[in-house]
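Thanks for coming. I have one structure to show today, and I will go through it piece by piece.

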Amino acid sequence: ELCIYAPLVTVYFILVLHFAKEPLIQLYQEGSTTYALITLVLILAQAALLEAFTSWLLRRIGLR
């Protein structure tokens, strides 16, 4: 599971860094409260989506 999950997290990190870096910097500069709330939502969404995707992928491969 770790061999599947680690590359997914790495790719996700690179994509978020590429696409969300500027909007998140702008949000932080405009108001740290809004930034904090948005980043908490992003953290929760990331955890849920990556867990769901990993579980689906493991079922497809037949490891679960």
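**Helix α2 and what lies around it**

Let me begin with helix α2, residues 32-61, which has 30 residues and reaches 42 Å from its first C-alpha to its last. The expected figure, at 1.5 Å a residue, is 44 Å, so the reach is close to it. Please keep in mind that this is a predicted model.

Which residues of α2 are buried? They are T39, L50, T54, S55 and L58. What they pack against is α1, residues 2-30. Just after α2 comes G62, and there the backbone takes a positive phi of about 95°.

Now for single residues in α2. T39 has its place in this helix. Is T39 buried or exposed? Its relative accessible area is 18%, and buried means under 20%, so T39 is buried. A polar atom of the T39 side chain also lies 2.9 Å from the backbone oxygen of A36.

L57 is in helix α2 as well. Here the relative accessibility is 22%, so L57 counts as partly exposed, a class that runs between 20% and 50%. How far apart are L57 and Y5 in space, C-alpha to C-alpha? The separation is 9.9 Å, while in sequence the two residues are 52 residues apart.

That takes us to the other helix. C3 is found in α1. With a relative accessible area of 71%, C3 is exposed, because the cut-off for that class is over 50%. From C3 to E22 is 19 residues along the chain, and their C-alpha atoms are separated by 30 Å.

V11 also has its place in helix α1. Its relative accessible area is 49%, so V11 is partly exposed, as exposed would need over 50%. Which residues join V11 in a nonpolar patch on the surface? They are L15 and F19, and together the three have about 310 Å² of accessible area.

To go back over the main points: the buried residues of α2 pack against α1, T39 is one of those buried residues, and V11 belongs to a nonpolar patch on the surface. That is the end of my part.

Notes
Residues numbered from 1 in each chain as written. Predicted model: local features only at pLDDT ≥ 70, side-chain atom pairs only at ≥ 80, totals over all residues. Heavy atoms only, no water. Helix = DSSP H or I, 4+ residues; strand = E, 2+ residues; numbered from the N terminus. Buried < 20%, exposed > 50% of the residue type's maximum accessible area, 1.4 Å probe, protein only. Contact = heavy atoms within 4.5 Å. Polar contact = N/O pair within 3.5 Å; in protein donor to acceptor, adjacent residues only side chain to side chain. Patch = residues over 30% accessible without salt bridge, like charges linked within 9 Å, V, L, I, M, F, W, Y side chains within 5 Å. Areas by Shrake-Rupley, 256 points an atom, 1.4 Å probe, with all protein chains shown as cover. Salt bridge = Lys/Arg side-chain N within 4 Å of Asp/Glu carboxyl O.
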